[in-house]
Amino acid sequence: MSNLLINGGNKIVGSITAHGAKNSALPLLAATLLCGGQSVLHNCPDLSDVDAAMKILSYLGARCKREGSSVIVDSSNIQKNEIPDELMREMRSSIVFLGAIIGRTGGAVVSSPGGCELGPRPIDLHISSLKQMGVVITEDYGYLRCEAPFGLKGADITLQFPSVGATENIILASVLAKGETIIRNAAKEPEIIDLADFLIGCGAKIRGAGNDTIHINGVNWLGTTEHYVIPDRIEAATFLAAAAATKGKIEVKGVRPEHMRSILSVFKESGCQVTCKKDSIYLENNHELRGVPMIKTLVYPGFPTDAGPPILTMLALAKTPTLFIENIFENRFRYIDELKRLGAKIRTHGNVALIDSAQKFTGANTSATDLRGGAALVVAALAAEGQTKIDNIYHIDRGYEKIERCFEILGADIKRI
């Protein structure tokens, strides 16, 4: 079992290029099932979650290989439509394969997905939407058995909540369905647009991705394409938070600042100097951070829940308090008890965290509770006096590509042991 050993106190200084977005790469890999040929995803991050997705594709009969930062998937010979329990449990977002498998084979058998335990992520929106498209679903000893006996058909679907996963699953199921599918109250995240762009490149007919309403007209077949995965806005936010927390300066390249407006506004409000160019963000912090009166996590274009832990950690070093309200995941604050080991002064009640001013962090032995909580501990350790050890870093590896190498480039004293 690997750990991260971090000697804090070094300023994070330098330039780094963001990797491809985990939250985009996974649905894109699922989408390659629909193409029936060889697809290429460039800028695909080297993560354990991506490895898990490639294992699923290989089990189903696709041929997958990585060449540098590109992943090549040939789905010409899909032979199965069932994902075994052990593969489903490797990543929470494995449920996104459901719509793609049904779209390709007319049926699917999957179990409940694994991943971070941040509270219930009900898949009822996925199930009810697929049922409207003609899918018959039965539950059998923890498995969902899905079948479209008369083929997938277009439907007018209104989501009760703009779920990213449900929106992706409907898109994946509908591109080869008969007729038109309309998704109302759809998720508007950049990752939704990226998925639609990939499928359009393969011949799908999709209009409105990134808006409240998406229209998909089913086609008879999809070709293949080469596609560049969008940059990871959450990884970029983590780099920026580390620089702010250590009074450093950083340029994050290969990003899309327009995807990060709600995040960047928090950095500016905390007193950081932020300058954006077309595909880069420069941040410098020479002063004590200021608290932000209130931050609420919301669906896009609001402040993203995944950016909360590293930025909340940064604000725990501010000279004034911050009120942070988590509206997406009820167990998101599990990592805060670990932050307190380093000296963070944070009080929580339900979905609300009051972040008091902390003079400094001090190194301690800690444990990552989940992906983004693990990233928060890295930010805290970089700003702390003394040495911090973080275990259970397999959580971090799910969403950050070689995080220790990234921060070594930026001047950190960090090792994987």
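**Exercise 1. State how confident the predicted model is, and where confidence drops.**

Solution. The mean pLDDT (the predictor's confidence in each residue, from 0 to 100) is 95 for the protein, and 97% of its residues reach 70 or more. Over residues 114-121 the pLDDT is below 50, yet this stretch has 28 contacts (heavy atoms within 4.5 Å) beyond near neighbours in sequence. Where pLDDT is low, predicted coordinates should not be read in detail.

This is a predicted model, in which local features need pLDDT of at least 70 and side-chain atom pairs count only at pLDDT 80 or more, while totals for chains, interfaces and linings use all residues. Residues are numbered from 1 along each chain as its sequence is written, and side-chain values use heavy atoms, with hydrogens and water left out.

**Exercise 2. Describe the aromatic cluster that contains Phe-324.**

Solution. Step one is the criterion: rings of Phe, Tyr and Trp (its six-membered ring) pair if their centres lie within 6.5 Å; planes under 30 degrees apart count as stacked, over 60 as edge-to-face and the rest as tilted. The structure holds three aromatic pairs.

Step two is geometry. The ring centres of Phe-303 and Phe-324 are 6.2 Å apart and the planes stand at 85°, so this pair is edge-to-face. Phe-303 lies in the loop between strand E17 (294-296) and helix H10 (308-315), and Phe-324 in strand E18 (residues 322-325), so the pair ties together parts that are 21 residues apart in sequence. Helices (H or I, at least four residues) and strands (E, at least two) are DSSP runs, numbered from the N terminus. Phe-324 also pairs edge-to-face with Phe-333, at 6.3 Å centre to centre and 70° between the planes.

Step three is burial (buried: under 20% relative accessible area; exposed: over 50%; partly exposed: in between; 1.4 Å probe, protein chains only). Phe-303 is buried, as are Phe-324 at 1% and Phe-333 at 11%.

**Exercise 3. Which parts does the salt bridge between Asp-74 and Arg-63 tie together, and is each residue buried or exposed?**

Solution. A salt bridge is a side-chain nitrogen of Lys or Arg within 4 Å of a carboxyl oxygen of Asp or Glu; the count comes to 20. For Asp-74 and Arg-63 the N to O distance is 2.9 Å. Asp-74 lies in strand E5 (residues 70-74) and Arg-63 in strand E4 (residues 63-67), so the pair ties together parts that are 11 residues apart in sequence. Asp-74 is buried at 12% relative accessibility, whereas Arg-63 is exposed at 60%.
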